[in-house]
Amino acid sequence: MLGLGLTLPRPLPTSAELTVANEAAAPARGSCGTWVTCSAAGRGEGHVTRGRLSRERPKMVAAKRALPWLAASLRPISSTAAGSLPKQVKIVEVGPRDGLQNEKNIVPTQVKISLINMLSETGLPVIEATSFVSPKWVPQMADHTEVLQGIQKFPGVSYPVLTPNLKGFQAAVAAGAKEVSIFGAASELFTKKNINCSIEESLQRFSEVMHAAGAAGIAVRGYVSCVLGCPYEGKIAPAKVAEVSKKMYSMGCYEISLGDTIGVGTPGSMKEMLSAVMKEVPVGALAVHCHDTYGQALANTLVALQMGVSVVDSSVAGLGGCPYAQGASGNVATEDLVYMLHGLGIHTGVDLQKLMEAGVFICKALNRRTSSKVVQASSRL
Amino acid sequence: MGTVPSALKHCLSYQHLLKEQLWIGEPAAPPPALHPGQEFQISGFPDYVKIVEVGPRDGLQNEKVTVPTDIKIELINRLSKAGLSVIEATSFVSSKWVPQMADHTEVMRRIERHPGVQYPVLTPNLQGFHSAIAAGATEVSVFGAASESFNKMNINCSIEESIEKFEEVTKSAQNMNIPVRGYVSCALGCPYEGNIIPAKVAEVSKQLYSMGCYEISLGDTIGVGTPGSMKRMLEAVMKEIPVSALAVHCHDTYGQALANILTALQMGVGVVDSAVAGLGGCPYAKGATGNVATEDVLYMLNGLGINTGVNLYKVMEAGNFICTALNKKTNSKVAQASFNV
C-alpha cells in the first residue's frame with residue numbers, strides 16, 4: 001500500500017498466464033490472487049510478483065477491481081480486430097516539462113528529480129526532463145541545469161530537453177543533454193504571441209540549433225503547435241501544418257510531434273491534418289500530442305493510431321492545465337492513454353501501477369487532484 | 001464560485017457568451033472522402049446519430065443529492081428545447097430502492113411533452129409498467145445484464161428470472177403499442193465477475209430483442225472497456241442483432257468513453273446514450289465519474305460532421321443549470337473549457 005489513499009489495483013498477468021487463462025476460458029475472478037504482475041516488458045522480460053486481495057464484501061472488492069480489466073483486454077486480438085493498429089507505441093512523457101510548466105505552483109527541484117526518477121522506473125522510454133529557457137519567461141524551469149544533472153539517467157531512456165535557441169542549446173549540452181527539442185507552430189499569430197517572431201524567423205533560429213546539434217551528434221525532436229486550431233487564428237489549414245512539419249523534418253528533426261495545443265481537434269480534423277502531413281513526412285517520424293481540453297484526446301489519438309502513427313505524447317496525471325481556457329485541462333493523462341493502449345493489446349513497455357504511483361506522488365506535491373480518470377477510478381479516497 | 005460564469009451575472013445569455021467561443025459551432029463539413037488507395041481503418045461514419053439523453057434518470061439516480069421535483073422538471077424541459085429526440089425522464093421503481101426517483105409520477109405528469117421527443121421511463125417489472133402507463137408514459141425501458149452476479153446483486157434474481165419479468169412487461173407493452181427499449185449492463189465488464197464474454201452479451205441482447213425490444217443499449221456499466229473490447233463485443237452482438245437496433249452506453253470512469261463510442265460509430269452504430277454534464281458518478285468506484293457527458297459527445301460528433309439535430313449551446317445551458325442546482329462541477333470537458341471565468 002502506498003499510504004496515499006491509493007489502493008494498488010490487482011496486478012496483470014504475463015502473456016504465459018494469459019494463454020493459460022484463454023485456454024481455460026474462465027472469466028477473470030477477483031477474489032483470490034491468481035493474477036501476476038507483468039512489469040516493463042520492454043526492458044527485457046519482466047519480473048513477476050504475486051498479489052493477493054483479502055476476502056472482502058463484494059462492494060469493497062468491486063471498488064478495488066480497477067485494473068484487472070487490462071488483464072481481460074490483453075488477450076490476443078485477432079488480426080481483423082486490430083487491423084492496422086501499431087503493435088507497439090512509444091510514449092513520450094512530457095509531464096516533468098510541459099506538464100509542470102503549466103502548473104501554477106512552483107515545484108521544488110528535488111520533487112522534480114524524484115518525479116523523473118519515478119517515471120524512469122515505469123518503463124517509459126522518453127521523459128522530457130526540463131526546458132533550457134530563460135527563467136524570466138518560465139520560472140518553473142529555472143532549475144533546468146540542476147534537474148538535468150540531478151536525475152538518474154536510466155539506460156535505454158531518453159531525457160530530451162527543450163531548447164528554444166542556440167543559447168539554450170549550449171546550456172543544455174553543457175548540462176549533459178543528449179537530446180533536445182524545438183517548438184514550431186502552424187500559426188503565425190501564435191508564434192508572434194509566444195516568441196515574438198514569424199514562423200519563418202523561428203525556423204531560422206531553429207536552424208542554428210540544428211547545425212550545432214548536428215555537429216555535436218545530438219538528436220533533435222521537432223514540435224508543431226496548433227495543428228488542429230489556434231487560440232488566436234482559429235482554424236488552421238492542414239496544408240500549413242504539413243508545410244511547417246516538412247521544413248522541420250528537412251532541417252533534421254528525427255521526429256515531428258503534432259500538437260493539438262488547445263485540444264479543440266476531433267477525430268475528423270485529426271484525420272484531415274494527418275492525411276496532409278503524411279504526404280510530406282513519413283508516418284514513422286510522426287507523433288501526436290493531444291490535449292484533452294474538450295475531452296477529445298483519446299478519440300483523436302485512436303484515429304492517429306489507426307492511420308499508422310505510433311508515437312504518442314502524454315503527461316502523467318494529466319499535468320498541465322490549459323493557459324487559453326482557464327480551469328480547463330491540458331495534456332492527456334499518460335495513465336488513461338496506457339489504459340487504452342494496453343486494452344488494445346498494444347505494447348508500451350510501461351508499468352501502469354508504477355506510473356500511477358508517480359502521478360499520485362506529484363499530485364500530492366502539487367496539492368492538486370489528478371486529471372487521470374484511471375487514477376480517480378482506482379483510488380480509494 | 002461554481003460553474004456559473006461571471007457573464008451570467010451581467011445578464012448575458014449563454015448563447016451570446018458561448019458563440020464567442022470559436023469551437024462551439026455548427027457541425028463541421030464532413031471530412032473529405034478518402035482517395036483510392038488510402039487504406040486507413042477509418043470506415044464511414046453514420047450520417048446521423050441519435051443521442052439518447054439519460055441525465056434526468058441514469059444521471060440523477062447516481063447523484064448523492066436528492067433533487068427537488070421542480071428542478072428535475074425544469075431540467076427535462078430545457079433538454080427538450082435542445083433538439084434531443086429522446087430524454088429518459090424517470091424510473092418507475094420502488095422509492096424504497098431508489099429514493100431519487102420517488103417522484104416519478106409527478107415528473108412524468110408535469111414535464112412539457114414536446115412533439116417529436118420521446119420520454120422513455122424505466123420499468124423494472126409489470127407493476128412499474130402499469131404505474132408508468134397510468135402516469136402517461138408512452139415508451140418504457142427494461143434493464144438486463146450480461147452478468148449473473150450483477151443481476152443478483154442489483155435485482156436479486158438470475159438473468160433468466162429477470163428475462164421472465166421483462167417478458168411480462170414487453171407482452172403488456174406490445175398489447176398497448178408501447179415501444180420497449182432494452183438495456184444490457186456490464187457489456188464490457190462486471191464489478192463482481194470481472195471479464196464478460198462477448199457471447200454472453202450477444203445472448204442476452206438477442207433475448208431482449210426477440211421479446212420485442214426495438215433497440216438494445218449496450219452498457220459499459222463500469223467504464224472499463226477500451227476500443228478493443230468494444231469492437232469484440234459489438235462483433236459478437238452484431239451477429240445476432242442488426243446494427244440499426246443497437247446503441248452504446250459508455251461510461252467514462254476510465255476516460256475511455258469517447259474512444260469507445262468512436263469505435264462503435266466506425267462499426268455502424270448510430271445511437272449513443274449520454275448524460276448532460278456527465279451527471280451520475282460510478283457506484284462501484286467512489287469519486288469516479290460515470291456517464292459520458294452529452295456535451296463532449298456532441299462536440300465530437302459535430303467535429304465529425306455527423307448530424308444529431310441537437311444544439312450544443314442549449315445542452316450546455318441545461319448542464320450549467322443542473323450543476324448549479326446540484327452545487328457541483330460539471331463533468332463535461334467542453335463545458336469546463338467554454339465557461340471562461
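Q: Taking buried as under 20% relative accessible area, exposed as over 50% and partly exposed as in between (1.4 Å probe, protein chains only), what is the relative accessible area of Asp313(A)?
A: Asp313(A) has a relative accessible area of 2%, and is therefore buried. This is a predicted model, in which local features need pLDDT of at least 70 and side-chain atom pairs pLDDT 80 or more, whereas totals for chains, interfaces and linings use all residues. Residues are numbered from 1 along each chain, chains are lettered from A and ligands numbered from 1 in the order written, and side-chain values use heavy atoms, without hydrogens and water.

Q: OK, and which side chain does Asp313(A) meet in a salt bridge?
A: The side chain of Asp313(A) meets that of Arg221(A), with 2.8 Å from N to O, where a salt bridge requires a side-chain nitrogen of Lys or Arg within 4 Å of a carboxyl oxygen of Asp or Glu. The pair links distant parts of the chain, 92 residues apart: Asp313(A) belongs to strand E9 (residues 311-314) of chain A, and Arg221(A) to strand E6 (residues 219-225) of chain A. Helices (H or I, at least four residues) and strands (E, at least two) are DSSP runs numbered from the N terminus.

Q: Is Arg221(A) buried or exposed?
A: Arg221(A) counts as buried, at 2% relative accessibility, and its partner Asp313(A) is likewise buried.

Q: And which residues are linked with Arg221(A) and Asp313(A) in the network of salt bridges?
A: Lys90(A) and Glu255(A) are linked with Arg221(A) and Asp313(A) in that network.

Q: How many salt bridges are there over all chains?
A: The count comes to 25 salt bridges over all chains.

Q: Switching to chain B, what does Glu215(B) form a salt bridge with?
A: Glu215(B) is paired with Arg181(B), and their closest N and O atoms are 2.8 Å apart. The pair ties together parts that are 34 residues apart in sequence, because Glu215(B) lies in strand E7 (residues 215-220) of chain B while Arg181(B) lies in strand E6 (residues 180-185) of chain B. Both Glu215(B) and Arg181(B) are buried.

Q: What about Arg110(B), where does that one lie?
A: Arg110(B) lies in helix H5 (residues 104-110) of chain B together with Glu106(B), the two being four residues apart, or about one turn of the helix. Arg110(B) forms a salt bridge with Glu106(B), the distance between the closest N and O atoms being 2.8 Å. Arg110(B) is partly exposed, with a relative accessible area of 42%, and Glu106(B) is also partly exposed, at 38% relative accessibility.

Q: Bigger picture, how many helices and strands are in chain B?
A: Chain B contains 14 helices and nine strands. Of the 341 residues in chain B, 62% are buried.

Q: Next topic: how many disulfides does the structure hold over all chains?
A: Over all chains the structure holds zero disulfides, a disulfide being a pair of cysteine sulfur atoms within 2.5 Å.

Q: Why is there no bond between Cys226(A) and Cys230(A)?
A: The closest cysteine sulfur to that of Cys226(A) is in Cys230(A), but the 4.2 Å between the two sulfurs is too far for a bond. Cys226(A) itself is buried, with a relative accessible area of 0%.

Q: And how far is the sulfur of Cys322(A) from the closest cysteine sulfur?
A: For Cys322(A) the closest cysteine sulfur is in Cys226(A), at 10 Å, which is again too far for a bond. Cys322(A) is buried, and its relative accessible area is 8%.
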